[in-house]
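This report describes a ligand-bound protein chain for a reader who has the sequence and the coordinates at hand. The account follows the chain's helices, loops, ligand shell and cysteines in turn.

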Amino acid sequence: MALITKKIKGTEDVLPKESYKWQFTEQIMRDESRKFGFKEIRTPVFEHTELFARGVGQTTDVVQKEMYTFDTKGGESVTLRPEGTAGAARAVLEHALENEGLPVKASYFVSCYRYEKPQAGRLREFHQFGIEEYGTSAPVADAEIICLAQSIIDRLGLSDINLEINSIGCPTCRAEYHKALREYFEGYKSELCDTCNSRLNKNPMRILDCKSPICSQIAKDAPKITDYLCNECKEHFDAVKSCLDAAGIKYTVNPTIVRGLDYYTKTVFEFVTDCIGAQGTVCGGGRYDGLIEELGGKHMPSLGFAMGMERLLMVMDKQGIEIPDFDECALYVATMGEKAKLKAFEITGAVRSCGMIAETDVIGRGLRAQMKYADKIGAKYSMVLGDNELEQGYANIKNMSTGKLTKVNLDRRFTAEFIEMHTDDENSGVFLCR
Ligand code: HAM
């Protein structure tokens with residue numbers, strides 16, 4: 001029979017045999033961000049469309065071309081989140097978290113949706129780990145979140161990932177810069193794509209991250225924001241660099257980084273690699289001092305970053321980083337007959353109470369097929385229980401890699417304490433190892 005459908009283009013399934021890699025990566029992100037004082041926030045997968053239109057920016061590729069927007073049956077326009085920052089900011093404002101003390105520090109794991117052209121490392125549904133910090137304008141905060149991103153990358157064991165930083169100034173210095181950009185791009189008006197032509201007046205900086213090859217070629221020689229920074233922005237950027245130097249974080253200043261979202265001010269940064277092809281940015285972030293006001297709150301300078309989970313996992317794969325799989329079956333109990341099934345329930349239950357994985361037959365397979373399954377799942381130990389074993393009052397536990405057999409008395413009741421006592425002890429008739 002043919003399948004009635006397959007997964008949607010640009011989406012991916014994480015299969016049971018792969019999910020330990022995600023869990024390992026997520027755990028490191030949780031641990032590291034916790035050390036920096038971040039606590040998890042969870043927000044809905046969809047929001048009112050205007051949140052992203054205002055927050056992310058009307059002239060961005062994300063809002064103009066990539067959002068999954070639809071009308072609900074009630075006639076409201078809602079959008080699947082294309083990123084995590086706007087939703088987190090909305091939640092912080094709605095719950096007045098600033099009253100609980102500043103800075104507010106939030107971390108999140110989110111699925112995001114962008115209708116982009118799928119390619120390696122670029123999906124229509126993808127996942128981010130991100131952090132946001134609200135209520136500080138101090139450059140040390142910029143450096144601190146960069147240190148957090150770096151420490152996650154280091155703990156994941158990744159190499160050849162370079163940190164690139166830039167400052168894209170504040171509304172004051174940006175006015176001058178926009179003027180220079182307009183003058184430059186006016187000369188190429190007939191070659192720019194329609195979207196970029198419409199951006200020319202409203203927000204010429206967005207032309208710098210247009211994905212059309214012609215526009216990006218023209219953008220290469222455009223004026224650089226770093227030549228237009230006001231004194232305050234320059235000082236802020238210098239202070240961020242000094243903090244990074246003090247923390248021993250290596251970076252390069254790349255004046256072409258402008259980021260694709262409108263809310264950024266001052267510091268922006270990306271962690272990039274060339275080992276996974278064209279989509280090599282594994283983390284992006286920066287300061288967004290005006291976003292909270294834009295969304296209706298008080299002035300609250302803020303900053304954050306997000307990492308692409310799929311891209312990080314691709315790099316880990318490419319670099320052959322070994323990820324421990326703790327999901328190994330400790331004991332497989334093969335059974336023959338009804339009585340044996342009940343005893344197997346008792347034994348597997350006790351093993352599981354000790355925090356280990358135990359399995360027994362739930363399909364009704366014959367003994368050979370059960371042992372084949374035990375092999376397939378990589379069970380460390382196996383045990384065969386049938387009428388014979390129950391009558392004799394003992395069974396053998398087999399170490400599946402050495403073949404060594406250990407006798408176990410079946411007349412007793414198997415409890416967690418008993419299993420615990422016979423575990424991890426190499427010399428006293430051990431039958432289980434964690
Ligand atoms: P972004 O650069 O758009 O920033 O996305 C962050 C990361 O998500 C990227 O560096 C990349 O690793 C991953 N990513 C983005 N688009 C895709 C895609 N189509 N497929 C796979 N991975 C993708 C933001 O989203 C900001 N909200 C980051 C931020 C947080 N800035 C401040 N706070």
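In this predicted model, helix α4 is mostly covered, with eight of its ten residues buried. The buried residues are Thr85, Ala86, Gly87, Ala88, Ala89, Arg90, Ala91 and Val92. Their cover includes the strands β2 (46–48), β5 and β6 together with the helices α2 (49–55) and α10 (291–294). Just after α4, Ala96 adopts a positive phi of about 45 degrees. The loop between α4 (85–94) and β5 (104–113) also contains Pro103, which is joined to Leu102 by a cis peptide bond with omega of about -5 degrees.

**Backbone exceptions**

Most residues other than glycine have a negative phi, and most peptide bonds are trans. Against that background, the following residues with a positive phi may be listed alongside the cis bond.

| Residue or bond | Backbone angle |
|---|---|
| Ala96 | phi of about 45 degrees |
| Leu102–Pro103 | omega of about -5 degrees |
| Asp160 | phi of about 55 degrees |
| Arg259 | phi near 65 degrees |

Asp160 is located in the loop between α5 (139–155) and β7 (162–167). Arg259 belongs to the loop between β8 (252–253) and β9 (265–272). Are Asp160 and Arg259 buried or exposed? Asp160 has a relative accessible area of 56% and is therefore exposed, the cut-off being over 50%. Arg259, by contrast, has a relative accessible area of 14%, so this residue counts as buried under the 20% limit.

**The loop between α7 and α8**

Leu208 is found in the loop between α7 (194–202) and α8 (213–219), and Asp209 lies in that loop as well. Leu208 has a relative accessible area of 19% and is buried; Asp209, at 18% relative accessibility, also counts as buried.

Which residues does Leu208 contact once its neighbours within four places in sequence are left aside? They are Tyr177, Leu181, Phe185, Ala219, Ala222 and Val258. The C-alpha atom of Leu208 is separated by 8.8 Å from that of Ile218, ten residues apart along the chain.

With residues up to four places away in sequence not counted, Asp209 touches Asp61, Val258, Arg259 and Gly260. Val258 is thus a contact of Leu208 and of Asp209. Arg259, among the contacts of Asp209, is the residue listed above with a phi near 65 degrees. The side chain of Asp209 also makes a polar contact of 2.7 Å with the side chain of Arg206.

**The ligand and its shell**

The ligand is surrounded by 26 residues, of which Glu83, Thr85, Glu116, Glu132 and Tyr264 are the closest. Thr85 is also one of the buried residues of α4. By residue class, the shell divides into eleven nonpolar, eight polar and seven charged residues. Among the elements that each supply at least two shell residues are β6 (125–134), β10 (281–287) and β11 (302–308). The element that gives the most is β10, with five residues.

Several polar atoms of the protein lie at short listed distances from the ligand. A polar backbone atom of Leu123 is 2.9 Å from a ligand nitrogen atom. An N or O atom in the side chain of Tyr263 is likewise 2.9 Å from a nitrogen atom of the ligand. In the case of Val282, a backbone N or O atom lies 3.4 Å from a ligand oxygen atom. Of the 650 Å² of accessible area that the ligand has on its own, the protein covers 95%.

**Cysteines**

A disulfide is a covalent bond between the sulfur atoms of two cysteines. How many disulfides does the model contain? With sulfur atoms required to lie within 2.5 Å, the count comes to zero.

Why do Cys112 and Cys275 not form such a bond? The closest cysteine sulfur to that of Cys112 is in Cys283, and the separation of 13 Å is too far for a bond. For Cys275 the closest cysteine sulfur is also in Cys283, and the 15 Å between them is again too far. Cys112 is buried, with a relative accessible area of 0%.

Methods:
Residues numbered from 1 in each chain as written. Predicted model: local features only at pLDDT ≥ 70, side-chain atom pairs only at ≥ 80, totals over all residues. Heavy atoms only, no water. Near = heavy atom within 4 Å. Polar contact = N/O pair within 3.5 Å; in protein donor to acceptor, adjacent residues only side chain to side chain. Areas by Shrake-Rupley, 256 points an atom, 1.4 Å probe, with all protein chains shown as cover. Helix = DSSP H or I, 4+ residues; strand = E, 2+ residues; numbered from the N terminus. Nonpolar A, V, L, I, M, F, W, Y, C, P; charged D, E, K, R; others polar. Buried < 20%, exposed > 50% of the residue type's maximum accessible area, 1.4 Å probe, protein only. Contact = heavy atoms within 4.5 Å.
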